Amino acid sequence: MRKVAVLGAGKMGQAIVSGLLRAGWSREAVVATARSAERAAALREQYGVRVEPNAVAVAAADVVVVAVKPQDAAALLDELSGAFRPDAPVVSICAGLPVAFFEKRLPDATPVVRAMPNTPALVDEAMTVLSPGTHADARCLEAVEELFAPLGRTLVVDEKHQDAVTAISGSGPAYFYYLAEAMTEAGVLMGLPREVSKELVTQTALGAARMLRESGDSPVALREAVESPAGTTISAVRQLENHRARSAVTDAIEAARDRAREIAEEYA
Ligand SMILES: NC(=O)C1=CN([C@@H]2O[C@H](COP(=O)(O)OP(=O)(O)OC[C@H]3O[C@@H](n4cnc5c(N)ncnc54)[C@H](OP(=O)(O)O)[C@@H]3O)[C@@H](O)[C@H]2O)C=CC1
Ligand SMILES: O=C(O)[C@@H]1CCC=N1
């Protein structure tokens with residue numbers, strides 16, 4: 001039985017643990033680690049998985065997922081020096097940290113894969129983007145892709161794109177929640193009960209996402225199909241343009257990309 005260790009099962013690590021269990025991984029095959037006793041107890045209670053010290057988890061694992069914050073990664077690897085099995089792939093989900101950060105701290109020839117998932121893993125709708133390191137061959141990459149596939153969709157890109165990926169899909173759910181929050185509040189401002197407004201926004205987001213996926217049309221074509229001449233939608237879109245919403249989105253996503261680059265410099 002293959003075993004996976006999730007080191008630092010916080011928000012994202014927990015989403016991965018829960019997705020693996022839903023995908024049929026047995027409780028014995030998934031080991032989590034946590035820094036606080038409270039967090040460890042919560043993971044045991046909620047998922048019934050083993051929560052072990054990092055070194056114990058790593059020793060037993062065929063795949064190790066590093067899910068701590070980028071600022072905690074170096075200390076974690078230092079603490080574990082000697083515990084890693086050189087044949088067990090190490091998958092980092094740490095934003096910004098390059099494969100090289102791990103390769104220089106792990107035993108020679110350890111296969112490393114940089115991964116960027118997102119929190120919709122909690123509902124099996126994650127977007128996970130993988131980049132293989134120097135020693136991760138096709139078989140290793142395939143095994144890591146199989147690990148993440150049940151959590152949603154997967155894609156492989158060259159590592160040079162990972163900071164942009166982080167800015168788009170890693171952080172992306174937050175942008176949609178921000179828009180959902182603003183739309184819900186606008187409904188409340190106009191007198192809709194909050195629950196009604198939220199339901200309208202949620203179903204509209206789901207429907208729009210499915211249209212994007214299933215119609216094959218571009219976002220522009222889909223938007224134009226909603227905009228009646230002299231109608232309501234074009235009036236709204238004009239306000240978005242007046243407020244430079246497109247430019248704000250571009251600047252926001254570039255800021256996320258730049259922050260990922262800074263993280264690499266800060267913690268290298
Ligand atoms: N949140 C997201 O949407 C996404 C996050 N990521 C990446 O995932 C990583 C985790 O992010 P997120 O889940 O949001 O953060 P969290 O803070 O929720 O999770 C990190 C967890 O790691 C634990 N931890 C830290 N050091 C150790 C250690 N030495 N041993 C065991 N556990 C430890 C923390 O414990 P404690 O709580 O006690 O500090 C915490 O529970 C980051 O690197 C982030 O870039 C990637 C994609 C999406
Ligand atoms: O905000 C962050 O840094 C992490 C990485 C992607 C999503 N959350």
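These legends go with close-up views of a predicted model of a protein with its ligands.

**Figure 1. How confident the predictor is in this model****.** Before zooming in, here are the scores. The mean pLDDT of the protein comes out at 97, and 100% of its residues reach 70 or more. For the complex, the predictor gives an ipTM of 0.99, together with a pTM of 0.97. As a rule of thumb, predicted coordinates shouldn't be read in detail where pLDDT is low.

**Figure 2. The shell of residues around ligand 1****.** Ligand 1 has 26 residues surrounding it. If you want to find your way in, start with the closest ones: G8, G10, M12, R35 and A95. Two elements give two or more residues to this shell, namely α1 (11-22) and α4 (70-79). Sorted by character, the shell around ligand 1 has 12 nonpolar residues, 9 polar and 5 charged.

**Figure 3. The residues around ligand 2****.** Here you're looking at A95, T166, G170 and S171, which surround ligand 2. You may recognise A95 from the previous view, where A95 is listed among the closest residues to ligand 1. The shell around ligand 2 splits into 1 nonpolar residue and 3 polar, with no charged ones.

**Figure 4. Helix α9 from end to end****.** Helix α9 covers residues 194-214, which is 21 residues. At 1.5 Å a residue, α9 should span 30 Å, and its end C-alpha atoms are indeed 30 Å apart, so the expected span and the model agree. After α9 comes G216, which has a positive phi, near 80°.

**Figure 5. Helix α8 crossing α9****.** A pair of packed helices is described by the angle between the axes and the distance between them. For helix α8 (residues 172-189) and α9, the axes come within 8 Å and cross at roughly 140°. Because angles over 145 degrees would count as roughly antiparallel and this one isn't there, α8 is oblique to α9. The crossing of α8 past α9 is right-handed.

**Figure 6. Helix α7 crossing α12****.** This view pairs helix α7 (residues 162-170) with helix α12 (residues 245-267). Their axes come within 8 Å, with a crossing angle of roughly 135°. That angle makes α7 oblique to α12. As for handedness, α7 and α12 cross in a right-handed way.

Definitions and conventions: Residues are numbered from 1 along each chain as its sequence is written. Chains are lettered from A and ligands numbered from 1 in the order in which they are written. This is a predicted model: local features need pLDDT of at least 70, side-chain atom pairs count only at pLDDT 80 or more; totals for chains, interfaces and linings use all residues. A residue is near a molecule or strand if its C-beta atom, placed from the backbone, lies within 6 Å of it. Helices (H or I, at least four residues) and strands (E, at least two) are DSSP runs, numbered from the N terminus. Ala, Val, Leu, Ile, Met, Phe, Trp, Tyr, Cys and Pro count as nonpolar, Asp, Glu, Lys and Arg as charged, and the others, Gly among them, as polar. pLDDT is the predictor's confidence in each residue, from 0 to 100. The expected span of a helix is 1.5 Å times one less than its number of residues. Axes are lines fitted to C-alpha atoms, for helices over the stretch in contact, and angles run from 0 to 180 degrees between N-to-C directions. Angles under 35 degrees count as roughly parallel, over 145 as roughly antiparallel, 65 to 115 as roughly perpendicular and the rest as oblique. A crossing is left-handed if the near helix is turned anticlockwise from the far one by less than a right angle, and right-handed if clockwise.
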